[in-house]
Amino acid sequence: MKLIEISNLGRTYRKGKINIPALQKIDLEIEEGQFVSIVGKSGSGKSTLLNLIGGLDRATDGTILFEGNDLLKMSRSELANHRKKSVGMIFQSFNLIQSRNALENVDLALTFGGVARSKRKALATELLRKVGLGDRTTHLPDELSGGETQRVAIARALANNPKVLLADEPTGNLDSETSEEIMELLIDLNKKKHITIIMVSHDQETAGQVSDLVVKLKDGRIYEMIKKEEAR
């Protein structure tokens, strides 16, 4: 089943009197339950594409159909609801609130999602347990390792049962061993929980190993797509 259908997508930024194209003529279909990696060098348009799918930015041209609904035609409030209910975001820099412990960071995401206060603590605790942090719920971000901090961020991204996880270089600030642990967690969420994952990465080798589809970008355009049987 198609979850996302992208057609002729473009994003152009204005700098002074100059138009700078970040994405051009992107055509892409993503099936529900797929693990998709978007790879390319810095400046190729990877994060821009992820942000457009997540409703954090709005395209200049084309369409993005998410379960048949065109993100480009949505109002601000509809896009906010899309971000809240349909997507979970995982960032390279974690983006946790430093003054709140692990449980409180996840609880806050549940609050924004409209979960009743009486249910939030139990749900946040269970989410942290699922990512292997059942014994670290009261720790602040600076009391956690890089891998643990990213696990909190993943638990937070899962808080409102998103249709898709958008991961922007989720292992970019981690050492190789910890990176492998985080990738194993993402693979587990994809294969066992059937959560669609779209991951931006510089690491084409890892992307090829874990993904059902690898999308290669260069200068804002897709120049190659490799399906699972070809990528592994």
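**A tour from a loop to the sheet and the cores**

Begin by selecting glutamine 92, which in this predicted model sits in the loop that connects β6 (87-91) with α3. Its relative accessible area is 32%, so glutamine 92 counts as partly exposed. Show its surroundings next: leaving aside neighbours within four places in sequence, glutamine 92 is in contact with Gln150, Asp168, Glu169, Gly172 and Asn173. If you then add isoleucine 226, you will find the C-alpha atoms of the two residues 24 Å apart in space, with their positions 134 residues apart in sequence.

Now turn to the open sheet, where 4 strands run in the order β2-β1-β4-β5 with antiparallel pairing. Its edges are formed by β2 (18-31) and β5 (69-70), each of which pairs on one side only. Select helix α1 (residues 46-53) as well, since the view will show this helix packed on the sheet, where it touches β1, β2 and β4 and where its direction makes about 120° with that of β1. Within the sheet, β1 (residues 2-15) and β4 (residues 61-66) are joined over 5 bridges in the antiparallel sense, and isoleucine 4 has phenylalanine 66 in β4 as its bridge partner.

Finally, colour the largest nonpolar core, a set of 35 residues in which Leu128, Val152, Ile154, Leu165, Leu186 and Leu189 have the most contacts. Among the elements that give two or more residues to this core are α4 (117-130), α5 (146-157) and α6 (176-193). Centre on isoleucine 154, which, not counting residues up to four places away in sequence, touches Ile90, Val131, Ile182, Leu185, Leu186 and Leu189. Apart from this core lies another, of 29 residues, including Ile26, Leu71, Ile198 and Val215.

Definitions and conventions
Residues numbered from 1 in each chain as written. Predicted model: local features only at pLDDT ≥ 70, side-chain atom pairs only at ≥ 80, totals over all residues. Heavy atoms only, no water. Core = buried A, V, L, I, M, F, W, Y, C linked by side-chain atoms within 4.5 Å. Buried < 20%, exposed > 50% of the residue type's maximum accessible area, 1.4 Å probe, protein only. Contact = heavy atoms within 4.5 Å. Pairing = 2+ DSSP bridges. Axes fitted to C-alpha atoms, helices over the stretch in contact; angles between N-to-C directions.
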